[in-house]
Amino acid sequence: MANASRTRNTEGDVQGWLPTPDQTPGESGDTSAAEDAAFQEGTVYSPGGIGDTATPREGDIAAEPEFAALGRRFIAFLLEAVLFIGTFGIGWLVWSMIEWRHARTPAKRLLRDLTVVDMWSGEPVSWRRMAVRELGAKIGLVGLFGMATFGLGWAISAALVLSETRTALWDRLAGTTVVHPGG
C-alpha cells in the first residue's frame, strides 16, 4: 500500500514539472522563468537548485581515445597467447581476474597503453563485461569454433580486426573495442 502511494506521489511530482499545452516554459510546476532560462543557457543541474554555468575552460577538453593500432593489437594477442600457454591457463586466469577491473588483460597491462571500452559509449568496461569478453566470447565461442573448424574462427576474427574500428570477433560479440586511452 505504501508503494502505491509513493508511486502516485512521484507521478504527481513529475506531472507538476511538465508543462501543459496551455503553459509556456517557466509556468509549469515550481520552476521559475529564471530557472528555465538558466537551463537553456547551459546551466549544470544540481539537486539543490540552479547550478554553475557549464563553460568549458581552456585545456579542459580531453583527447578522444583512438582505436588501437593493428600492430599493437597483434602484439597483445601474441603476448596473451604466450602468457596463457606459459602459465597453463591458471596463472593467466588469476592475473586476468585482477586486471579485468581496470578494463584490460594481462598483455594490455604489460603493453601499458591499451584499454578495453564499450563500443558505443567509449567508457571502460566493467569486470563482468571483461569476463564475458574473455571467457565467453574469446575463449568460449571463438576459441572453440576455431578449434572445431581448424582455425576458421581465428581467421574470421583476424579479418575483422582489419576493419576501420579494429574490432575482433570477440569484441563484436561483447560490444567492446580496444583503444589508446589518451590518443
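Let's start with Glu99, which is found in helix H4. Keep in mind that what you're looking at is a predicted model. Glu99 is buried, with a relative accessible area of 3%. What does Glu99 contact once its neighbours within four places in sequence are left aside? The list is Arg104, Thr105, Pro106 and Arg109.

**Salt bridges**

Side chains of opposite charge can pair when their charged atoms come close. In this model, a search of the whole structure turns up eight salt bridges. Here are some of them, with the gap between N and O atoms:

| Acidic residue | Basic residue | N to O distance |
|---|---|---|
| Asp113 | Arg72 | 3.1 Å |
| Glu134 | Arg133 | 2.3 Å |
| Asp171 | Arg133 | 2.7 Å |

Take the pair of Asp113 and Arg72, with their closest N and O atoms 3.1 Å apart. This pair links distant parts of the chain, 41 residues apart: Asp113 is in the loop between helix H5 (106-111) and strand E4 (115-118), while Arg72 is in helix H3. Are these two buried or partly exposed? Asp113 has 22% relative accessibility, so it counts as partly exposed, and Arg72, at 25%, also counts as partly exposed. The cut-off matters here, because buried means under 20%.

Now for Arg133, which shows up twice in the table: it forms a salt bridge with Glu134, and its side chain also meets that of Asp171. Asp171 lies in helix H8 (residues 169-174) and Arg133 in helix H6, so this pair ties together parts that are 38 residues apart in sequence. How accessible are these residues? Arg133 comes out at 0% relative accessibility and counts as buried. Glu134 is buried too, with a relative accessible area of 0%, and Asp171 is likewise buried at 0%. Zooming out a little, Arg133, Glu134 and Asp171 belong to a network of salt bridges that also links in Arg73 and Lys138.

**A nonpolar patch on the surface**

Helix H6 turns up again when you look at the surface. Phe84, Ile85, Leu93, Met97, Trp127, Leu135 and Ile139 form a nonpolar patch there, with about 600 Å² of accessible area together. Which helices supply at least two residues each? They are H3 (70-86), H4 (90-99) and H6 (127-148). The largest share, three residues, comes from H6.

Ile139 is one of the patch residues, and its place is in helix H6. Ile139 counts as partly exposed because its relative accessibility is 33%. That clears the bar for patch membership, since patches are made of residues with over 30% relative accessible area and no salt bridge.

Notes:
Residues are numbered from 1 along each chain as its sequence is written. This is a predicted model: local features need pLDDT of at least 70, side-chain atom pairs count only at pLDDT 80 or more; totals for chains, interfaces and linings use all residues. Side-chain values use heavy atoms; hydrogens and water are left out. Patches are made of residues with over 30% relative accessible area and no salt bridge: like charges are joined within 9 Å, nonpolar side chains (Val, Leu, Ile, Met, Phe, Trp, Tyr) within 5 Å. Accessible areas come from the Shrake-Rupley method with a 1.4 Å probe; for residues, only the protein chains shown count as cover. A salt bridge is a side-chain nitrogen of Lys or Arg within 4 Å of a carboxyl oxygen of Asp or Glu. Helices (H or I, at least four residues) and strands (E, at least two) are DSSP runs, numbered from the N terminus. Buried means under 20% relative accessible area, exposed over 50%, partly exposed in between (1.4 Å probe, protein chains only). Contact means heavy atoms within 4.5 Å.
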